[in-house]
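Subject: Handover of a protein structure

Dear colleague,

Please find below the structure that I am handing over to you. I would be grateful if you could look through it alongside the notes that come after it.

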Amino acid sequence: MTTVLVVEDTASEQDLIVGYLVESGYNVISAANGQEALKKIEGKKPDVVVTDLVMPGMSGLELCRSLKKNSETKDVPIVACTSKNQELDKLWGMKQGIDVYVTKPFSREDILRAVRSVA
């Protein structure tokens with residue numbers, strides 16, 4: 001079973017993404033910020049990470065850079081799910097190691113298509 005780590009600081013959006021993934025048969029781990037995500041990854045490496053980019057403390061881009069620098073997690077695909085919708089934001093995200101970029105507001109199908117494309 002594919003395990004997805006969802007990193008989102010807004011509880012309602014985290015619940016929505018987690019719900020979509022669980023309903024579709026994914027095993028889901030969730031974290032409210034980048035630091036919590038890194039702690040949870042130590043115990044179990046996910047198959048895919050879905051992360052917001054704008055979060056307090058450690059941003060999604062900082063999380064992405066940290067994952068890509070680590071030999072254990074460098075190959076884990078990362079889906080950004082963010083309100084940052086400018087072309088420059090997308091380009092910068094891809095340079096940081098993001099594999100798929102989904103902008104908010106998103107649909108159930110947007111999230112599932114993004115995860116399926118990298119899982």
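The notes below describe the overall build, the two cysteines and the start of the chain. Please bear in mind throughout that this is a predicted model.

Overall build

The protein contains 5 helices and 5 strands. Read from the N terminus, these elements follow the order β-α-β-α-β-α-β-α-β-α.

As to overall dimensions, the C-alpha atoms occupy a box of roughly 35 × 30 × 25 Å along the principal axes. The radius of gyration is 13 Å, which agrees with the value near 14 Å that a compact globule of 119 residues would have. Of the 119 residues, 44% are buried. Contacts that span long stretches of the sequence are also present: among those between residues at least 6 apart in sequence, 61% join residues at least 24 apart.

Turning to the surface, the accessible area comes to about 6,100 Å², and carbon and sulfur atoms account for 50% of that area. The protein carries 15 positive and 17 negative charges, and the mean positions of the two groups lie 4 Å apart.

The cysteines

How many disulfides does the model hold? The count is 0. The reason can be followed through Cys64 and Cys81. A disulfide requires two cysteine sulfur atoms within 2.5 Å, whereas the sulfur of Cys64 lies 14 Å from the closest cysteine sulfur, that of Cys81, and is therefore too far away for a bond. Cys81 is likewise in no disulfide, with the sulfur of Cys64 as its nearest cysteine sulfur.

Are these cysteines buried or exposed? Cys64 has a relative accessible area of 1% and is buried. Cys81 is also buried, and its relative accessible area is 1%.

The start of the chain

Met1 belongs to the segment that precedes strand E1 (3-7). With a relative accessibility of 78%, Met1 counts as exposed, since the cut-off for that class is over 50%. Met1 nevertheless has contacts beyond its neighbours within four places in sequence, and these are with Gly25, Tyr26, Asn27 and Asp47. For one of these partners, Asn27, the separation from Met1 is 26 residues in sequence and 6.6 Å in space, taken from C-alpha to C-alpha.

With kind regards

Technical notes: Residues numbered from 1 in each chain as written. Predicted model: local features only at pLDDT ≥ 70, side-chain atom pairs only at ≥ 80, totals over all residues. Heavy atoms only, no water. Helix = DSSP H or I, 4+ residues; strand = E, 2+ residues; numbered from the N terminus. Rg over C-alpha atoms; globule rule 2.2 N^0.38 Å. Buried < 20%, exposed > 50% of the residue type's maximum accessible area, 1.4 Å probe, protein only. Contact = heavy atoms within 4.5 Å. Areas by Shrake-Rupley, 256 points an atom, 1.4 Å probe, with all protein chains shown as cover. Lys, Arg positive; Asp, Glu negative; His and termini not counted. Charge placed at Lys NZ, Arg CZ, Asp CG, Glu CD.
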